[in-house]
Every structure is written in structure tokens, then in C-alpha cells.
Amino acid sequence: MQNPGFKEIVFLNGEFLSPRQAKIPLLEPGFLYGWGLFETMRAYHNRVVYFDAHLERIKSSAKLIGLRTLYPQAKLKKIIKTAVKTSALTDAYVRLTLYKSLEPAGL
């Protein structure tokens, strides 16, 4: 059962935001051309199922289409765990989206 006090969390450009605060520029290649990828994960009892397999898959997929990830796998894992905990949901869907950016970081 979901917690009625839950909140949706977005992690964008190094910070946690509400969905309304999260903004992506319209001229980003990821937005304009669909240059990106995503991985949807499921968390039960605040634990992501097949966590390492999901992160390995997105890492190898990013490499295939030439996307650099900003964070190493251990940091991504910490960010996702924090998002799940902060959302106040016991069971949740987690969507990790990587997209091509005009920023030099390459995500």
C-alpha cells in the first residue's frame, strides 16, 4: 500500500527537485532527437529489485549510443536509494533517464 504522504522526487543536474521544478532546455539533443535512454526499476520495501543488473544494463546501453554518465555506479546507487527513501513510498517505480545534453559533461 502506498503512503498517502508520498512525494515525487526528481534528481536533475545534481539536485533533488519536485517534478514542477525540474526543467530541461528545449534545445537539448536528448529532447529534440530522442537521444537518450531509460531504465525503469521496481522497489519493494524500500529496496530496488535487481539493482546492480539495472545499473549495468543502463551503463552498457549508454556506451552503445555514445552517452557519458556523470556518476559512477556507486554514486547512482546512492542517489536512487536516497530518492526512494525521500519519496516516503514503501513500494515504488524508479525511472533513471539519461539524455544527450549540450553541456560539456555529456549527459
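Glu 39 is buried, with just 8% relative accessibility. In this predicted model, the side chain of Glu 39 nonetheless has a charged partner: Arg 57, met in a salt bridge with an N to O distance of 2.6 Å. The two residues sit in distant parts of the chain, Glu 39 in strand E3 and Arg 57 in helix H2, 18 residues apart. Unlike the buried Glu 39, Arg 57 counts as partly exposed, at 42% relative accessibility.

The structure holds 2 salt bridges. Besides the Arg 57 and Glu 39 pair, there is one between Asp 52 and Lys 77, whose closest N and O atoms lie 2.7 Å apart. Asp 52 belongs to helix H2 and Lys 77 to helix H3 (residues 73–87), so this contact ties together parts of the chain that are 25 residues apart in sequence. Here, Asp 52 is partly exposed at 41% relative accessible area, and Lys 77 is partly exposed too, at 22%; with the cut-off for buried set at under 20%, Lys 77 therefore falls on the partly exposed side.

Back to strand E3, home of Glu 39. E3 covers residues 36–44 and runs antiparallel to strand E5 (residues 92–99), the two being paired over 8 bridges. One of the bridge partners can be named at the start of E3: Gly 36 is matched with Tyr 99 in E5. E3 also pairs in the antiparallel sense with strand E4 (residues 47–48), this time over 2 bridges, with Tyr 44 standing opposite Arg 47. E3 and E4 make a hairpin that leaves 2 residues between the strands, and in that turn His 45 takes a positive phi of about 55°. As a rule, side chains in a regular strand alternate between the two faces of the sheet.

The surface has a greasy side to it as well. A nonpolar patch of about 1,100 Å² is built from Ile 24, Leu 26, Leu 27, Phe 31, Leu 32, Tyr 33, Trp 35, Leu 64, Ile 65 and Leu 102. Two elements each give two or more residues to this patch, namely helix H1 (29–33) and helix H2 (51–65). H1 supplies the largest share, with 3 residues. Helix H2 thus turns up in both settings, as a contributor to the patch and as the helix that carries Arg 57 and Asp 52. Ile 24, for its part, is placed in the loop between strand E2 (15–17) and H1. Ile 24 is partly exposed, with a relative accessible area of 44%, and so clears the cut-off of over 30% used for patch residues.

Notes:
Residues are numbered from 1 along each chain as its sequence is written. This is a predicted model: local features need pLDDT of at least 70, side-chain atom pairs count only at pLDDT 80 or more; totals for chains, interfaces and linings use all residues. Side-chain values use heavy atoms; hydrogens and water are left out. Patches are made of residues with over 30% relative accessible area and no salt bridge: like charges are joined within 9 Å, nonpolar side chains (Val, Leu, Ile, Met, Phe, Trp, Tyr) within 5 Å. Accessible areas come from the Shrake-Rupley method with a 1.4 Å probe; for residues, only the protein chains shown count as cover. A salt bridge is a side-chain nitrogen of Lys or Arg within 4 Å of a carboxyl oxygen of Asp or Glu. Helices (H or I, at least four residues) and strands (E, at least two) are DSSP runs, numbered from the N terminus. Buried means under 20% relative accessible area, exposed over 50%, partly exposed in between (1.4 Å probe, protein chains only). Two strands pair if DSSP finds at least two bridges between them.
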